[in-house]
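Open the model in your viewer and follow the stops below. Each one tells you what to select and what to look for.

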There are 2 protein chains.
Amino acid sequence: MARAGLTVERLTRAAADLADEIGFQNVTVSALTRSFGVKPAALYAHIKDARDLRVKVALLAMAELADRAAAALAGRAGKDALVAFANAYRDYARQHPGRYAAMQTELDPETAAASAGSRHAEMTRAILRGYELSEPDQTDAVRMLHSTFHGYVSLETTGGFRHHPREAAASWSRTLDALDALLRNWPPA
Amino acid sequence: MARAGLTVERLTRAAADLADEIGFQNVTVSALTRSFGVKPAALYAHIKDARDLRVKVALLAMAELADRAAAALAGRAGKDALVAFANAYRDYARQHPGRYAAMQTELDPETAAASAGSRHAEMTRAILRGYELSEPDQTDAVRMLHSTFHGYVSLETTGGFRHHPREAAASWSRTLDALDALLRNWPPA
DNA sequence: AGCAAATACTTAAAGCTTGTAAGTAAGCGA
DNA sequence: TCGCTTACTTACAAGCTTTAAGTATTTGCT
């Protein structure tokens, strides 16, 4: 029998694709190895265990999203940058729901520190350069922006806005307007 | 052998407590029935399947949170109401991480419609009465508030703010200041 | 080319999970 | 006390994770 050519990269990518198709929760070792035409046990030569696989998908997604966000941010400033960054975030989550769900996996501190999460935080800080906020307001604003983006996308993808006729995209656009206005007028402590 | 006295209510509550202790993901039929000293099969006389159990925990959590939010909101208006509501939300999530995680379970539309989620949306709308917003800005603001609350709490509980020394509670408080300022100055379309 | 070593995968098996079906025992009403 | 309903157990099938040991394939050395 010819070998399947499993590698950590191929497995991680396939798991991510599978997550986007069938949902992150439904990605099992069995299902993944099945898609390669090998037996479940074959996975353990490449990946420690199921949790390790999930973490690797999470890190992949974070890196991909950071790449997209960086590309969106290039050459922009102010509201332009804010909107481009936010849309990159939302678009990624909508196009890759499984990968996005994977990003919610809890990472141990060292793994988190080595992840693309920090690139993300840096980029958010870069956006704020257009808004003249000094510490600790800057950190608070970074957290608020990230919260709003994540919260919106999370609620939208889990159907939280479906019961009202107003388009989710319209509210999103206005939310970005509001954030821009807020950052230009951040309240004093 | 004496009977264990299983009921849907007791099972749901026990599952919610177990979720707060060991994490919602780790709540299994086996673990739950073990805590009652009965065999797994005994559960299926009361609850359809594992998903049904998870949904029931989600609905319980939503109802509990709505009760707390309603109590917090009573007799308050304006920023006072906003802060009280937001803190009820965050406090509940921090005190009941398993229940809060359960709330992210995807519900089918009819179940969602019958859930306490609508009470939540109504309360958020009630807060906005103090800020004179008309449609569709009101809907957009409701969505933004919910997004920010959920996003913040979600990131905080999954450790997203742990890599920076700034207290999560401090950023939260300033985020509420910012939201209040924003609602008083919602940008025109 | 041919052989040994390393690598990639399979088989086998244990222990966990969800879920169904059928059997038994407990408690209630007459 | 008899019998019915209800609550639970036993037994079992099927799927998932993971380890250990075995086999086949490829690599690399001579």
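**Stop one: the DNA backbone**

Select Ala4(A) and DNA strand C: a backbone N or O atom of Ala4(A) lies 2.6 Å from a phosphate oxygen of the strand. Keep in mind that this is a predicted model.

Now select Lys39(A). One of its backbone N or O atoms is 2.8 Å from a phosphate oxygen of DNA strand C.

Move to chain B and pick Arg34(B). Here the side chain takes part: an N or O atom in it sits 2.8 Å from a phosphate oxygen of DNA strand C.

**Stop two: the whole DNA surface**

Show every residue around DNA strand C. There are 19, and the closest are Arg3(A), Ala4(A), Arg3(B), Val29(B) and Ala50(B). Of the strand's atoms that come within 4 Å of the protein, 71% belong to sugar and phosphate.

Color the surface residues by type. You get 10 nonpolar, 4 polar and 5 charged. Which helix gives the most to this surface? H2(B) does, with 3 residues.

**Stop three: helix H1 of chain B**

Select residues 8–22 of chain B, which form helix H1. Measure between the end C-alpha atoms: they are 21 Å apart. That agrees with expectation, because 15 residues at 1.5 Å a residue should span 21 Å.

Next, highlight the buried residues of H1(B). Among them are Leu11(B), Ala15(B), Leu18(B) and Asp20(B). What do the buried residues of H1(B) pack against? Look for helices H2 (29–36), H3 (50–73) and H5 (97–102) of chain B.

Finish just past the helix. Gly23(B) follows H1(B), and its phi is positive, near 95 degrees.

Methods:
Residues are numbered from 1 along each chain as its sequence is written. Chains are lettered from A and ligands numbered from 1 in the order in which they are written. This is a predicted model: local features need pLDDT of at least 70, side-chain atom pairs count only at pLDDT 80 or more; totals for chains, interfaces and linings use all residues. Side-chain values use heavy atoms; hydrogens and water are left out. Helices (H or I, at least four residues) and strands (E, at least two) are DSSP runs, numbered from the N terminus. The expected span of a helix is 1.5 Å times one less than its number of residues. Buried means under 20% relative accessible area, exposed over 50%, partly exposed in between (1.4 Å probe, protein chains only). Contact means heavy atoms within 4.5 Å. A residue is near a molecule or strand if one of its heavy atoms lies within 4 Å of it. A polar contact is a pair of N or O atoms within 3.5 Å; within protein, one must be able to donate a hydrogen and the other to accept it, and residues adjacent in sequence count only if both atoms are side-chain atoms. Ala, Val, Leu, Ile, Met, Phe, Trp, Tyr, Cys and Pro count as nonpolar, Asp, Glu, Lys and Arg as charged, and the others, Gly among them, as polar.
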